[in-house]
Amino acid sequence: MLRIKLISIFLFGFVSLSQAQDYQEDITEFTLDNGLHIVVIENHRAPIVDFMVVYDVGAIDEDPGKSGLAHFVEHLMFKGTERYGPGEYDRIIKSLGGSNNAYTSQEYTAYDIRVYQEHLDIVMELEADRMKNATFETEISLREREVVIEERLQRYDSNPNRLLTEQLNASLFQNHPYRIPVIGWLHEIENLSIDDVKDFYHRHYHPSNATVVVGGDVNPEDVIQLADKHFGNLTNPAETQSQLQLIEPPQRSERRVKIADPRVTTPYIFRKYLIPSDYSVIEENLAAIAIMTDLLGGRDLTSALSEQLQLTNIATYTGAGYSGDTLRPVVVNIYVMPSEDYTLAEAEAKLDKVLTDFANSEIDDEDLQRIKLDVKYSTIYDRDDIDSTAFKYGTGVAGGLTVEQIRSWNDKLTEVKKEEIVAAAQFLLNKDLSVTGWLLPEEK
C-alpha cells in the first residue's frame, strides 16, 4: 500500500475512535467503454477541484538502453498538441487561476491540475487532447532533451546524496528495473530520439492505461457526463502492453557502497533492506512493516533509533521508513548521521546493536497504542487535503490496487499485533537482504 506518514497527535481528544472510523471519503468509481477508469472523491468544503490523470506507465516500462524515456515524455507533454501550441497548456491553466504539476515514478506518470470547480470542463478538454494529440515537434523536443540532461547534471550528478541512493539501488536490485534511476543514465538520455518518444507515447498513453481522479467540490453524475464528453471518443491501440512484473531472485549476500566526495560536509549511513516478496505481498505483513518502521525511526525523538542514538549523542539525526506495496518491491530504509565524536564504523556498530535489541524486545503497549491513535486521527485530517487524497487514490488505482484496499489501509494498520511487528523486525537481522552505504568526505 501507499506509505502513510504517521504523526504524533496530542490534541483534539474530543473525537472518539469510533467516530474516527466513520470519517471515510465519499468515493464513486466507474469505467468508460474505452477502459478509462474514473474515481470521484467528493469534498464540498470549498469550490475547488483537484484533477489528475495517472498513466500506468513509468520508468520500469522503458526498453533496455532507453532509461529516462518516461520522464522525457512527461516533459514533452507540455510542448504542444495539434490544437494547442507550445506553452498554451500552462498559459490556459494559469489564466483560470489554477496550478498544475507532473510526476514520473518507476510505476506511473501523473498529471495534476488544481482549479476552481467551474473550470473542470476546460481542464478535461485539455487533458483529453494531450492523451491523443501530442505532436512532439522535433526541434522543440531536442531542446527539451537538453533541459532533461541539465536536470540530470544539476540535481543528480552534482548531488552526492542522490549519487549514493542511485548506487544503493543499483546494488540492492539484481533483476528488477528499480535498479535504474527514473531520470535515467546520462549517456542513455543523450541518445533518446523523437522516434523513441513517439513510440512510447502511442504504446502507453491511451484510455485503457489511465485513471482519472477528480477530487473536490463535484457531483459524480456531472463528472461522468464530462468524462464521456471529452474522453469517451478516444480509442486504444490495437495491441496494448501490460506493465512489466519482475521478481527478484533470492538475496544471498550483504552488499556495501562507499562514496567519498569533496562536496560532502556531513557523512552519514544509509541502509536499505529488500523484504522478500512472498512476505510483503500479504497486506497484514505490509501493515506490520509500516508500524515497525515507525516504531524504529519514524517518530522524532520517541523512536528506538532516536532514543538510543540521538539522545545519547551518538547521532545527530536518525530515521526509518519504507517504500512499496503488496504489488511492488518493499524496501526498508534506515538513516544514521553520526555526531562528530563517532566515525561511520562506530556509528554503524551502534546501529546494528539497536536493530538487534529492537528485533528481540517486546513492543511497548503505550507506544503501539499511540501510533494506532495517530493513524485513526490522520483519517480525519486527510479529508481536508484534496491534493494528497487524489494522489493517493490515483497512483494506487493506476498501480493495480483497488479503491477498497486504499480506503481500508488505515484499518489494517490499527489491527497490527505486537507479534506481527516483532516478526517484521526479524528481517533487519539478515544483512544478506541489505546494502549499506557510506557517504563521506573525500579521503586524503
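How many bridges join strand β9 to β10, and do the two run parallel or antiparallel? In this predicted model, nine bridges link them, and the strands run antiparallel. Strand β9 covers residues 315–325. Together β9 and β10 make a hairpin, with two residues between them. One pairing can be followed by eye: A320 has I334 in β10 as its bridge partner.

Just ahead of this hairpin is a loop between α12 (304–310) and β9, and N313 sits in it. N313 has a phi of about 65 degrees, which is positive although N313 is not a glycine. Is N313 buried or exposed? The relative accessible area of N313 is 56%, so N313 counts as exposed.

F136 offers a second case of positive phi. The phi of F136 is near 55 degrees, and F136 is not a glycine either. This residue belongs to the loop between α4 (120–133) and α5 (138–157). F136 is buried because its relative accessibility is 5%, and buried means under 20%.

Nonpolar packing comes next. In soluble globular proteins, nonpolar side chains tend to be buried together. The largest nonpolar core of the model holds 51 residues. Within this core, the residues with the most contacts are I38, F51, L120, M124, V214, V223 and F231. Helix α4 contributes the most to the core, with six residues. Another core, of 46 residues, lies apart from the largest one. A290, A304, F358 and W409 are among the members of that other core.

F51 shows what the packing looks like around one side chain of the largest core. Leaving aside residues up to four places away in sequence, F51 touches Y111, D112, I113, L120, V123, M124, E127, V212, V213, V214 and F231. The charged residues D112 and E127 are thus included in its contacts.

Empty space was examined as well. Rolling a probe the size of a water molecule over the atoms shows where empty space is left. Three cavities of 30 Å³ or more were found. The second largest cavity encloses about 70 Å³. Its lining includes M77, F78, K79, G80, T81, Y84 and G85. E88, Y89, L126, D129 and R130 also line this cavity. Two elements, α3 (88–95) and α4, each give two or more residues to the lining. Which of them gives the most? Helix α4 does, with three residues. By class, the cavity lining has five nonpolar, three polar and four charged residues.

The second largest pocket has a volume of about 370 Å³. Its lining is made up of 23 residues. L246, I247, S277, R328 and P329 lie nearest the centre of the pocket. Two or more lining residues come from each of β8 (268–275), α10 (277–280) and β10 (328–338). Strand β10 is thus both a wall element of this pocket and the partner of β9. Helix α10 gives the most to the pocket lining, with three residues. The lining divides into 13 nonpolar, six polar and four charged residues.

A last contact joins distant parts of the sequence. A260 and L440 are 180 residues apart in sequence. In space, their C-alpha atoms are 5.0 Å apart. A260 is part of strand β7, which spans residues 255–260. With a relative accessible area of 33%, A260 is partly exposed.

Conventions:
Residues are numbered from 1 along each chain as its sequence is written. This is a predicted model: local features need pLDDT of at least 70, side-chain atom pairs count only at pLDDT 80 or more; totals for chains, interfaces and linings use all residues. Side-chain values use heavy atoms; hydrogens and water are left out. On a 1 Å grid over the protein atoms alone, a cavity is a set of points where a 1.4 Å probe fits but cannot get out, and a pocket is an open set with protein on both sides within 12 Å along at least five of seven lines; lining residues have an atom within 4 Å of a point. Grid points are joined across faces, edges and corners, and a volume is the space filled by probe spheres set on the points. Helices (H or I, at least four residues) and strands (E, at least two) are DSSP runs, numbered from the N terminus. Two strands pair if DSSP finds at least two bridges between them. Buried means under 20% relative accessible area, exposed over 50%, partly exposed in between (1.4 Å probe, protein chains only). A nonpolar core is a set of buried Ala, Val, Leu, Ile, Met, Phe, Trp, Tyr and Cys residues joined through side-chain atoms within 4.5 Å. Contact means heavy atoms within 4.5 Å.
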